[in-house]
Amino acid sequence: MRVALDAMGGDLAPKAVVEGGVLAARDFGIEVILVGDREIVARELAEHNVEGLKIHIEHAPEVVLMDDSPLESIINKPQSSLHAGFDLIKNQGAEAFVSAGNSGAMMAAAMVILGNLGPIDRPAIASPVPTAQGYALLIDAGANTEVKPINLVQFAVMGSVYWRRVRNVSRPRVGILSNGEESSKGTELTRAAAATLSQMGSYVNYIGYVEGRDINRGKVDVIVTDGFTGNVALKTMEGFAAFMLGNLRELFGGSWPGRLAYFMVRKRMGAMRERLDPHETGGAPLLGVNGVAIIAHGSSNGRAIRNAVRAAADEALVNHVNVEIVEILNRSQPAAAAKPAGKGFRALFSRMRERLHRHPRESEALRVPEPSVETNASNHAGAPAEPAWGADPTPPLPIPGKTAVDGETAPNGTRPQDADTHPAEGESKPVKNEPS
């Protein structure tokens, strides 16, 4: 497995990145391609014993800084390590790409160079979070601050497939993050997505709403939410974990009885600290692009980079996840497949306009009949058809016309995706929450 590694991305690059790449090559036997300025990377690499390791350097003279504009970085820095890394995937020089650099620029470059995956409207960051039983998957962890119901449905499919293939959970439990477990809670957005997921039982094991307190309890395997809420939840958990570990250090290290108590429980403490440490998971996959990309934390040290490379080299992620996501969405979501999946600057700018809700033909598009499933499937003829959890693969799942997904009609005859439910940025957005 060949993994391209952005040697210039991250707060501690290139030193920590090169160190992590060497560790990954040594510990896991992965072929690592360090992408960055050849002279700088070679100088860092000379500090390590790399004899017998499969490590190469791919020269990229430009660097995308952490505060660079994502769009401007695409236009102004075409020879950056980010571009070179994705070009390696596109040209089959590597199976996956890892970067701890500017995550916005990484997502934009992935969308432009690799393109969205089949019917996926928006890629999402899927971040593992610790639970009482192990880990759960939080999706989206920060890629999309505003979403539509169809995006949440696609996040649920992507997260479910990823968890099943990579974590070997046969039927992952999926929940939407909300302010209460009752189906009447949430917003129009979450209720519309929930209505659709409730009709996709053959593909997604949707169990209903989950609350913030349920994330670490392990009530579900996949927590679905928008990127704004997901990022706030993720940073809150990281902050609380650091707060708790700091208090425990103070408790056990303040006196000799405390040190004695630590000696007795140090093994369990070590296991807990390891599970709470974000460096242990290394990075989060960017799901929904036509390739494998892992976004590592900006402050990643050598161990975090090592683990991110390990996550990128997962055979199930590289060979099966994207294929199965496309297959399921083509069967179950004609509306999703109708979205343009092009790449290049024009497609990217089109998607940016859509996010700002300024597309001039948006209202007309809502009235265009959805294309047939056969038409959509023909666009992905290369994807193998695998049965999903014993479901009959022949007929497409009827998405309840009646569900309130983009452009469809809700049971009460309303159209929740009409423009008034998604005001442009800067405008107030009406939210009809039920009282807690």
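Throughout these views, buried means under 20% relative accessible area, exposed means over 50%, and partly exposed lies in between, using a 1.4 Å probe and protein chains only. The model is predicted, so local features need pLDDT of at least 70 and side-chain atom pairs count only at pLDDT 80 or more, while totals for chains, interfaces and linings use all residues. Residues are numbered from 1 along each chain as its sequence is written, and side-chain values use heavy atoms, with hydrogens and water left out.

**View 1. Two loop residues with positive phi, N168 and Q92.**
Let us start in the loops. N168 sits in the loop between α6 and β7 (173–177), where helices (H or I, at least four residues) and strands (E, at least two) are DSSP runs numbered from the N terminus. Its phi is near 60°, a positive value in a residue other than glycine. At 66% relative accessibility, N168 is exposed. Q92, in the loop between α4 and β4 (96–99), also has a positive phi, near 60°, and is not a glycine. The relative accessible area of Q92 is 65%, which makes this residue exposed.

**View 2. Helix α4 and its buried residues.**
Just ahead of Q92, with its positive phi of about 60°, comes α4. Eight of the 10 residues of this helix (residues 81–90) are buried, so α4 is largely enclosed by the rest of the structure. The buried residues are S81, L82, H83, A84, G85, F86, L88 and I89.

**View 3. A salt-bridge network of R164, R165 and E324.**
Here a salt bridge is a side-chain nitrogen of Lys or Arg within 4 Å of a carboxyl oxygen of Asp or Glu. The structure holds 14 of them. In the one between E324 and R164, the closest N and O atoms are 1.8 Å apart. E324 belongs to helix α12 (residues 315–332) and R164 to helix α6 (residues 149–167), so this pair ties together parts that are 160 residues apart in sequence. E324 is buried, at a relative accessible area of 7%, and R164 is buried too, at 15%. E324 also forms a salt bridge with R165, with 2.9 Å between the closest N and O atoms. That pair likewise links distant parts of the chain, α12 and α6, 159 residues apart. R165 is partly exposed, with 22% relative accessibility.

**View 4. A salt bridge between E211 and R213.**
The side chains of these two residues meet at 3.2 Å, N to O. How accessible is each partner, buried or exposed? E211 is buried, with a relative accessible area of 17%, whereas R213 is exposed at 52%.

**View 5. The kinked helix α9 and a nonpolar surface patch.**
Helix α9 covers residues 256–276 and includes L260. A kink of about 70° is centred on V265, the bend being the angle between axes fitted to the seven residues ending at a residue and the seven starting there. Between its end C-alpha atoms α9 spans only 26 Å, whereas a straight helix of 21 residues would span 30 Å; the expected span is 1.5 Å times one less than the number of residues. W256, L260, F263, M264 and V265 make a nonpolar surface patch of about 600 Å². Patch residues have over 30% relative accessible area and no salt bridge, with like charges joined within 9 Å and nonpolar side chains (Val, Leu, Ile, Met, Phe, Trp, Tyr) within 5 Å. The areas come from the Shrake-Rupley method with a 1.4 Å probe, and for residues only the protein chains shown count as cover. L260 is partly exposed, at 46%.

**View 6. Strand β6 and its partners β5 and β9.**
Four of the five residues of β6 (residues 135–139) are buried, so this strand is largely enclosed by the rest of the structure. Strands pair if DSSP finds at least two bridges between them. β6 runs antiparallel to β5 (residues 124–130), over five bridges, and P130 has Y135 as its bridge partner. Their hairpin has four residues between the strands, and G134 takes a positive phi near 155° there. Three bridges join β6 to the parallel strand β9 (residues 222–224), where I223 stands opposite L138.

**View 7. Two cis peptide bonds, A13 to P14 and I139 to D140.**
Omega is about 0° for the bond joining A13 and P14. P14 is in the loop between β1 (2–6) and α1 (15–28). For the bond joining I139 and D140, omega is about 15°, and D140 is found in the loop between β6 and α6.
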